[in-house]
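Biologist: I'd like to learn how ring contacts are described in a protein model. Could you take me through some?

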Amino acid sequence: MNNDKSFKRALRFEWLTSFYDFIIKWTTRENTFKTALIEQALLRPNHEILDIGCGTGTLLLQISKLYPQTTLYGLDADPSIIEIARQKNDSTNNITFIQGFSTALPFDSDTFDRILSTLFFHHLDSTEKEATFHEIFRVLKPGGEVHIADYGPPSNLFMRAAFLPIQLLDGFESTNGNIQGQIERYMKGAGFEKIHKHKSFDTLFGTISLYSATKPINLKIIN
């Protein structure tokens with residue numbers, strides 16, 4: 001997630017990586033919010049799609065089953081979790097997993113129709129969030145969309161308290177922006193339009209919110 005090739009593991013400690021799927025499934029209402037994100041993205045069979053911070057590839061596998069003609073890429077900085085993703089999806093021929101960093105995406109400009117991300121941005125500090133959204137903007141085609149599911153502003157005081165363990169695990173610097181509702185601000189700063197906050201879901205460790213934004217078709221040229 002940093003250009004210096006350092007990164008934060010999804011569950012902070014390497015020994016927890018093998019438990020990633022189990023923990024995410026039973027603490028985040030994973031199937032519910034990921035299904036909602038896929039429906040929100042209005043995917044098409046000919047779309048080229050990137051999942052940033054793809055983890056073990058659960059979202060991409062779900063998309064592949066629904067839209068087998070799509071071209072799917074998953075990117076994550078953690079080589080251990082990318083290896084799990086490759087093993088888990090070894091029979092799926094339309095998914096390519098790449099080890100890389102969100103602040104320097106290894107793709108050409110104007111490549112993707114959709115970029116998705118789930119439970120990733122709360123791992124990034126403010127500088128990394130800003131750089132990542134600028135990279136997302138660069139590699140999206142004009143008119144392409146980004147769709148994000150991540151921890152957002154808590155729906156009530158109980159959800160605020162429930163999020164504290166995540167903050168202790170991942171750090172207050174990276175997580176504060178999420179609960180302060182700053183995802184939309186970073187989208188706007190990168191040049192996106194049609195920025196929306198959609199559904200929210202209360203989970204064991206806080207409120208997960210869904211967001212979307214569109215790269216303008218006609219980009220303004222600044223002299």
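Modeller: Happy to! This is a predicted model. Ring pairs link Tyr73, Phe107 and Phe112 into a cluster here, and a search of the whole structure finds seven aromatic pairs.

Biologist: Why is the pair of Tyr73 and Phe112 called edge-to-face?

Modeller: Their centres are 5.8 Å apart, with 75 degrees between the planes. Centres within 6.5 Å make a pair, and planes over 60 degrees apart count as edge-to-face, so both conditions are met.

Biologist: What makes this pair a tie between separate parts of the sequence?

Modeller: Tyr73 lies in strand 2 (residues 71–76), while Phe112 lies in strand 4 (residues 112–118), so the pair ties together parts that are 39 residues apart in sequence.

Biologist: And how do you know which kind of pair Phe107 and Phe112 form?

Modeller: The ring centres of Phe107 and Phe112 are 5.0 Å apart and the planes meet at 85 degrees. That angle is over 60 degrees, so this pair is edge-to-face.

Biologist: Buried or exposed: how do you decide for Phe112 and Phe107?

Modeller: Buried means under 20% relative accessible area. Phe112 has 0%, so Phe112 is buried. Phe107 has 11%, so Phe107 is buried as well.

Biologist: Why is Tyr73 called partly exposed, then?

Modeller: Tyr73 has a relative accessible area of 23%. Partly exposed covers the values between 20% and 50%, so Tyr73 belongs there.

Biologist: What makes you say that the charged end of Lys215 sits over the ring of Phe137?

Modeller: The charged end of Lys215 is 5.1 Å from the centre of the Phe137 ring, and the limit for the distance is 6 Å.

Conventions
Residues numbered from 1 in each chain as written. Predicted model: local features only at pLDDT ≥ 70, side-chain atom pairs only at ≥ 80, totals over all residues. Heavy atoms only, no water. Phe/Tyr/Trp six-rings, centres within 6.5 Å; stacked < 30°, edge-to-face > 60°. Helix = DSSP H or I, 4+ residues; strand = E, 2+ residues; numbered from the N terminus. Buried < 20%, exposed > 50% of the residue type's maximum accessible area, 1.4 Å probe, protein only. Lys NZ or Arg CZ within 6 Å of the ring centre and 35° of its normal.
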